[in-house]
Amino acid sequence: MKAALQDYHARMQRVLDHIDRHLDRDLDLETVSRIAAFSKFHFHRQFTATFGLSVHRYIQLARMKRASHRLAYMDAQSVTDIAMDAGYDAPDAFARAFRQRFGQSPSSFRKSPDWKPWLAAFGPLDNARSKLMQKTFTIDDVTIRDVPPTPVAIMEHRGDPATLGATIQRFIAWRKAANLPPRTSPTFNVWHSEGRPAQQADYCIDLCVGTDQPIEANGEQVKAGEIPGGRCAVLRVVGYTDNLEPAALYLYRDWLPASGEEARDFPIYCQRLSFFPEVAEHETVAEVFLPLK
């Protein structure tokens with residue numbers, strides 16, 4: 001029974017991966033059901049029963065999420081190209097659908113996104129994915145690595161996690177102006193608080209880019225700092241890296257007490273090695289570092 005259920009989940013996982021990899025192609029019911037090796041006459045009911053969303057609704061949300069990320073973070077792409085990749089024949093149809101879902105036009109969202117309605121709109125998509133994507137880690141997934149010290153430029157985010165997207169947008173714009181692209185300058189997040197603190201005002205994260213060059217703030221609150229070198233427990237996470245709290249919890253709650261190691265006096269942090277929407281969400285990669293004595 002357990003093996004059959006695992007096979008069922010694996011087939012559904014293949015469907016989600018295929019959808020994410022082919023958002024700009026035709027994803028009709030027959031094609032998607034064939035990926036899962038299920039009958040198309042029953043597949044849409046199986047999908048809805050598993051994820052709480054119809055296949056069509058899931059695809060719509062996945063396309064709109066990619067489109068909104070491109071609008072907010074990839075200003076070189078035109079609204080027309082983004083609309084076409086999202087499956088709309090004309091920009092005005094895309095604009096109507098976007099405004100209906102987020103309360104902003106695509107151009108307004110690109111200039112100044114309102115992230116709270118955005119987060120609410122994608123709640124059903126995140127809930128659907130979490131049904132199959134509850135990551136489980138083992139001791140074999142953790143390695144101990146000596147890492148060199150890394151000088152970084154830091155942009156702090158303090159306060160409501162729902163407004164983090166606006167800080168990320170400013171951070172990306174600043175590093176573009178500073179000529180610090182991800183392919184040559186590593187990207188780090190340093191967590192100074194829990195992901196969901198009791199008080200939203202206590203949420204605290206540093207957005208960092210590795211650089212040993214002099215830092216020009218260009219009107220932003222950017223400062224120089226360092227991620228210290230030393231021994232670290234490292235846990236690699238592949239796919240859907242928006243929420244790395246389960247990996248951090250595993251390191252703190254399970255791995256550290258059993259390892260006999262002791263944590264060093266520096267926060268847990270991550271290095272982001274690939275980014276959505278440059279790659280499909282299930283192909284994003286991050287490594288979580290727990291500094292050790």
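Which residue is the bridge partner of Val190 in strand 4? Keep that one in mind, everybody, and I'll get to it in a moment. One thing up front: what you have on the screen is a predicted model.

Okay, strand 4. This strand covers residues 204–210, and seven of its seven residues are buried, so the rest of the structure largely encloses it. Look at which way the residues point. Cys204, Asp206, Cys208 and Gly210 go one way, Ile205, Leu207 and Val209 go the other way, and all of them are buried.

Now for the neighbours of strand 4. Strand 3, residues 187–191, runs antiparallel to strand 4, and five bridges join the two. And here's the reply to my opening: Val190 has Asp206 as its bridge partner. Strand 2, residues 150–158, also pairs with strand 4 in the antiparallel sense, this time over seven bridges. If you want a pair to find there, try Val152, whose partner in strand 4 is Gly210.

While we're looking at Gly210, let me bring in Ser185. Ser185 sits in the loop between helix 10 and strand 3. Is Ser185 buried or exposed? Its relative accessibility is 5%, and buried means under 20%, so Ser185 counts as buried. Leaving out neighbours within four places in sequence, Ser185 is in contact with Arg175, Leu180, Val209 and Gly210.

Arg175 takes us to helix 10, because Arg175 is one of the buried residues of that helix, along with Leu164, Gly165, Thr167, Gln169, Phe171 and Trp174. Helix 10 has 14 residues and reaches 20 Å from first C-alpha to last, close to the 20 Å expected at 1.5 Å a residue. After the helix comes Asn179, with a positive phi near 55 degrees.

Next stop, strand 8, residues 285–291. How many of the residues of strand 8 are buried? Seven of the seven, so strand 8 is largely enclosed by the rest of the structure. Val285, Glu287, Phe289 and Pro291 point one way, while Ala286, Val288 and Leu290 point the other way. Strand 6, residues 230–238, is joined to strand 8 by seven bridges, and the two run antiparallel. Within that pairing, Val234 has Phe289 as its partner. Strand 7, residues 269–272, also runs antiparallel to strand 8, with four bridges. There, Gln271 is matched with Glu287.

Let's move over to the helices, starting with helix 2, residues 29–36. At its start, a side-chain oxygen of Asp28 reaches to within 3.1 Å of the backbone nitrogen of Glu30. The buried residues of helix 2 are Thr31, Val32, Ser33 and Ala36, and what covers them includes helix 1, helix 3 and helix 4. Following helix 2 you'll find Ala37, where phi is positive, near 60 degrees.

Then comes helix 3, residues 40–51. Its twelve residues should span 16 Å at 1.5 Å a residue, and the end C-alpha atoms are 17 Å apart, which agrees. The buried ones are Phe43, Phe47, Thr50 and Phe51. Looking down the helix axis, you see those buried residues within an arc of 75 degrees, so they line one face of helix 3. Turned away from that buried side are the exposed residues Phe41, Arg45 and Ala49.

What do the buried residues of helix 3 pack against? That would be helix 1 (2–21), helix 2, helix 4 (55–73) and helix 9 (123–130). As for the ends, Ser39 caps the N-terminal one, with a side-chain oxygen 3.1 Å from the backbone nitrogen of Phe41. Gly52 follows helix 3, and its phi is positive, near 75 degrees.

Last topic: the nonpolar cores. The largest has 39 residues, and the members touching the most other members are Ile19, Phe43, Phe47, Tyr58, Met64 and Phe94. You've just met Phe43 and Phe47 as buried residues of helix 3. Which helix gives the most to this core? Helix 4 does, with ten residues. Helices supplying at least two residues each include helix 1, helix 2, helix 3 and helix 9.

Take Ile19 as an example. Not counting residues up to four places away in sequence, Ile19 touches Leu27, Val32, Tyr58 and Ile59. There is also a second, separate core of 30 residues, and Ala153, Leu164, Trp191 and Leu207 are among them. Leu207 is from strand 4, and that brings us back to our starting point. Thanks, everyone!

Note on methods. Residues numbered from 1 in each chain as written. Predicted model: local features only at pLDDT ≥ 70, side-chain atom pairs only at ≥ 80, totals over all residues. Heavy atoms only, no water. Expected span 1.5 Å × (residues − 1). Buried < 20%, exposed > 50% of the residue type's maximum accessible area, 1.4 Å probe, protein only. Arc of directions from axis to C-beta. Contact = heavy atoms within 4.5 Å. Polar contact = N/O pair within 3.5 Å; in protein donor to acceptor, adjacent residues only side chain to side chain. Pairing = 2+ DSSP bridges. Core = buried A, V, L, I, M, F, W, Y, C linked by side-chain atoms within 4.5 Å.
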